[in-house]
Amino acid sequence: MTENSRPSANFWGLVEATRPPAADPKAHADAIVARLIEDGREATLAFARDFDRAKDALYHWDLWGVAYLALGGCSDDSFEYLRCWLIGQGEATWSTAMTAPEGLFLELLDGADDPDQRWGELQIDLGEHLLCAAGRAYERLSGEPLPSSGPDPVSPRGRDWEEDELTERFPTLAGVLPEWWLDGDAAADLAVLAQA
């Protein structure tokens with residue numbers, strides 16, 4: 001990523017200044033919308049461009065593979081929302097997601113016995129709210145939809161993967177995930193555990 005394609009310091013400052021103390025992507029998005037409305041149309045357009053740059057920079061096979069393994073699956077939409085959630089965590093988390101995604105997910109898991117519960121606590125699935133923040137602000141300011149900043153990348157960067165090779169490709173992460181989680185039948189295993 002070139003220096004010109006990195007999100008600006010103003011972008012990261014706004015992300016940090018509007019983040020609520022507790023994990024709540026919806027409240028974070030609402031705070032971003034309010035701030036962008038205060039700052040006006042040009043600031044909103046600049047934020048939207050920077051958000052797209054940040055999101056596109058995370059469009060990488062390694063991050064997607066780690067997410068697929070750690071989250072028990074990760075569709076196209078889920079991966080987009082995850083990238084938005086990561087942006088909402090700030091520049092340091094975003095940078096780590098690009099350079100060391102396996103280490104980042106180990107940190108996010110924080111030794112949890114139940115990955116599903118951990119992801120629920122972090123509200124990773126609510127990253128969609130952050131995706132829509134600039135569009136909501138721009139529509140309130142102008143009465144029009146946010147103009148497109150250009151096409152999304154066609155495919156992720158890096159080397160792609162097959163689901164069955166993820167545990168070998170990311171052995172450290174696979175080593176801390178419960179066996180029932182890696183089996184891919186987490187819901188059935190949870191039901192059995194609940195009856196025990």
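A salt bridge is a side-chain nitrogen of Lys or Arg within 4 Å of a carboxyl oxygen of Asp or Glu. Keep that in mind as you look at this predicted model, because Arg6 and Glu91 fit the description, with their side chains meeting at 3.5 Å, N to O. Ten salt bridges are found in the structure, and the chain that holds them is built from 14 helices and zero strands. Here is a tour, topic by topic.

**The chain as a whole**

- If you follow the chain from the N terminus, the elements read α-α-α-α-α-α-α-α-α-α-α-α-α-α.
- Along the principal axes, the C-alpha atoms fill a box of roughly 55 × 35 × 25 Å.
- A compact globule of 196 residues would have a radius of gyration near 16 Å, and the 18 Å of this chain agrees with that.
- Of the 196 residues in the chain, 40% are buried.

**A bridge between the start of the chain and helix 6**

- Why can such pairs form at all? Side chains of opposite charge can pair when their charged atoms come close.
- The salt bridge of Arg6 and Glu91 has an N to O distance of 3.5 Å.
- Arg6 sits in the segment before helix 1 (9–18) and Glu91 in helix 6, so this pair ties together parts that are 85 residues apart in sequence.
- Arg6 is partly exposed, because its relative accessible area is 22%, and Glu91 is partly exposed too, at 31%.

**A network around helix 2 and helix 10**

- Which residues are linked in a network of salt bridges? They are Lys26, Asp30 and Arg136.
- Within this network, the side chains of Asp30 and Arg136 meet at 3.0 Å, N to O.
- Asp30 belongs to helix 2 (residues 25–39) and Arg136 to helix 10, so the pair ties together parts that are 106 residues apart in sequence.
- Asp30 has a relative accessible area of 30% and is therefore partly exposed.
- Arg136 is likewise partly exposed, with a value of 34%.

**A bridge inside helix 2**

- Asp39 and Arg35 also meet through their side chains in a salt bridge, at 3.5 Å, N to O.
- Here the partners are four residues apart in helix 2, which means about one helical turn separates them.
- Asp39 is partly exposed, with 40% relative accessibility, and Arg35 is partly exposed at 32%.

**Thr93, a residue of helix 6**

- Thr93 is found in helix 6, which covers residues 91–99.
- Is Thr93 buried or exposed? Its relative accessible area is 18%, and buried means under 20%, so Thr93 counts as buried.
- Thr93 and Leu104 are eleven residues apart in sequence, while their C-alpha atoms are 7.6 Å apart in space.

**A negative patch on the surface**

- Where do Asp160, Glu162, Glu163, Asp164 and Glu168 gather? They form a patch of negative charge on the surface.
- One of these residues, Asp164, lies in the loop between helix 10 (133–142) and helix 11 (166–169).
- Asp164 has 68% relative accessibility, and exposed means over 50%, so Asp164 counts as exposed.

Technical notes
Residues numbered from 1 in each chain as written. Predicted model: local features only at pLDDT ≥ 70, side-chain atom pairs only at ≥ 80, totals over all residues. Heavy atoms only, no water. Patch = residues over 30% accessible without salt bridge, like charges linked within 9 Å, V, L, I, M, F, W, Y side chains within 5 Å. Areas by Shrake-Rupley, 256 points an atom, 1.4 Å probe, with all protein chains shown as cover. Lys, Arg positive; Asp, Glu negative; His and termini not counted. Charge placed at Lys NZ, Arg CZ, Asp CG, Glu CD. Helix = DSSP H or I, 4+ residues; strand = E, 2+ residues; numbered from the N terminus. Buried < 20%, exposed > 50% of the residue type's maximum accessible area, 1.4 Å probe, protein only. Rg over C-alpha atoms; globule rule 2.2 N^0.38 Å.
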